[in-house]
Amino acid sequence: MCINLRDCFPRMSKLSFFTTKCRKGIRSLVLEGSDTLRATGAAIIMQPNGWRALDQLGVASKLRKTANAIESGRFITIPDGKQEPIPLGGELRCLRRMDLINVLAEDLPSNAIRFGCRVVSVELDPTTSRPLLHLDDGGTIKAKMVIGCDGVRSVVASMVGLNKTGLYSIDVTRGFTRCEDGHGLEKEFVVMSKDGLQLGWLPVDDRLVYWFVTQKWTSPDLDSRVTLAKDPMLLKSSIVEAMNDFPTDAIQMVSDSDLSTVQWTELRYRPPWEILRRSFWKGAVVVAGDAMHSMAPFLAQGGAASLEDAVVLARCLAKKIKLATVGVHRGPRGRPLSFEKPAVEEAFEQFSKERRARVFWLTMETFFVGSILGSSSGIIKLLAVLFMAILFSDKTGHTRYDCGRL
């Protein structure tokens, strides 16, 4: 089995999928486009549903030691200073992405990841219906099944019939600020907002703070933002300049950030109506993670949803892949596992059924929040507010989801 990944959430998704497959006795190979394990972006906010998935992966206790629990949240408007609480819903911590990636990778076999392996297309063999992965170096890999966790521009998603992701008129810049003598901040999630610009921050531990800034842009702005993204110093300076009327200590926090961690990202999404009506699999090929349900970080659920995918898919495969007299390798008790095509396809179909409703509602709620923050139409904003009030009055309902046992 091959797991194809790219970028940070995809990289996290691939490793979490590999971990679940190993625990179920299913041999896998991770195809990694970069030359080393690395994280795109600084941090990932993990909420209660994500911690349930991490518990199933067996790594939650290690990760809890790397980050403080957030105890409260505040939303502040600028310049009037009005405040309202941000409901948290339970355990919330801000993890370094590399901490998560390293913990997922540390117990994997040495030959589990093939680095520098970039997949450019996927097809089904016309004779055997087995997946064929074509690499950028001209090589081809024949696989018994493929799990595509290759991000918002997924080639695997295109192969199974999903359309390209959409682009929000909002972007995000993220970074870390380290205070060697301690930052002195409360263990709280704070968001400040003024005229389409939002600054948010959470302490990771007693010395490290994760911050993010979201901004609206118009079409001419995008090219300039892409140019700025190539120069972290200019990018940070542009953010600081845009933070007029923000508190001095908030501006200083961004100004003092580590340049190596400052990154700009355009925000892409898969429309909820596509989640509802499109297939996530074709033959022995399936998508998961951002390739399946890319969503903006407005709910901070993209990474957790990918972890949920890993647990559910491993469970479906373990149930459907039958023990047989001849198999490709030995299972946990020495019995061979059979990767028969009908069993694999049944597992992928069951996975799609189990995940469709969950990711539909996540992408729907995220889409409405994105419309409120980014749309220039007053009518669209009003409709989004109404739908949010009707469908998502429980602000933390999405954190109570339980992906079940592995």
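**Close-up views of a predicted model**

**View 1. The stretch of residues 367-392 in the predicted model.** Across residues 367-392 the chain is 85% helix and 0% strand, and the C-alpha atoms at its two ends are 12 Å apart. In the UniProt record, an unreviewed entry, these residues 367-392 carry the annotation "transmembrane region". Phe-367, Phe-368, Phe-387 and Phe-392 are among the residues that ring pairs link into a cluster, which is taken up in the next view.

**View 2. Aromatic pairs and the cluster that includes Tyr-168 and Tyr-269.** A search of the whole structure finds twelve aromatic pairs. In one of them, the ring centres of Tyr-168 and Tyr-269 are 4.4 Å apart and the ring planes meet at 40°, so the pair is classed as tilted. Because Tyr-168 belongs to strand β12 (residues 166-178) and Tyr-269 to strand β16 (residues 263-269), the pair ties together parts of the chain that are 101 residues apart in sequence. Both Tyr-168 and Tyr-269 are buried. For Phe-360 and Trp-361, the ring centres are 5.0 Å apart and the planes stand at 70°, so this pair is edge-to-face. Phe-360 is buried, with a relative accessible area of 10%, whereas Trp-361 is partly exposed at 42% relative accessibility. Ring pairs link these four residues with others, including Trp-273 and Phe-298, into the cluster.

**View 3. Arginine side chains over aromatic faces, at Trp-51 and Phe-280.** Arg-93 is placed over the face of Trp-51, at 5.9 Å from the ring centre. In a second arrangement of this kind, Arg-356 lies over the face of Phe-280, and the distance to the ring centre is 4.5 Å.

**View 4. The open sheet of three strands, β8-β9-β10.** The strands of this open sheet follow the order β8-β9-β10 and pair in the antiparallel sense. Strands β8 (119-124) and β10 (140-142) stand at the edges, and because each has a single partner strand, one side of each is left without a neighbour in the sheet. From one strand to the next, the twist averages 20°. Strand β9 (residues 131-135) pairs with β10 over three bridges, and the bridge partner of Leu-133 in β10 is Ile-141. The loop between β8 and β9 holds Ser-129, a residue other than glycine whose phi is positive, near 65°. Ser-129 is partly exposed, with a relative accessible area of 28%.

**View 5. Backbone geometry at Pro-79 and Ala-300.** Most residues other than glycine have a negative phi, and most peptide bonds are trans. The peptide bond that leads from Ile-78 to Pro-79 is cis, with omega near 10°, and Pro-79 is located in the loop between β4 (72-77) and β5. Ala-300, a residue other than glycine, has a positive phi near 55°, and its place is the loop between α10 (290-293) and α11 (302-320).

**View 6. Gly-90 and Thr-399, 309 residues apart in sequence.** Gly-90 is found in the loop that runs between β5 (83-85) and β6 (93-96), and with a relative accessibility of 38% Gly-90 counts as partly exposed. Although Gly-90 and Thr-399 are 309 residues apart in sequence, their C-alpha atoms are 7.9 Å apart in space.

Terms used. Residues are numbered from 1 along each chain as its sequence is written. This is a predicted model: local features need pLDDT of at least 70, side-chain atom pairs count only at pLDDT 80 or more; totals for chains, interfaces and linings use all residues. Side-chain values use heavy atoms; hydrogens and water are left out. Helices (H or I, at least four residues) and strands (E, at least two) are DSSP runs, numbered from the N terminus. Buried means under 20% relative accessible area, exposed over 50%, partly exposed in between (1.4 Å probe, protein chains only). UniProt positions are given in the numbering used here, feature names are shortened, and annotations may be inferred rather than shown by experiment. Rings of Phe, Tyr and Trp (its six-membered ring) pair if their centres lie within 6.5 Å; planes under 30 degrees apart count as stacked, over 60 as edge-to-face and the rest as tilted. A charge sits over a ring if NZ of Lys or CZ of Arg is within 6 Å of the ring centre and within 35 degrees of the ring normal. Two strands pair if DSSP finds at least two bridges between them. Axes are lines fitted to C-alpha atoms, for helices over the stretch in contact, and angles run from 0 to 180 degrees between N-to-C directions.
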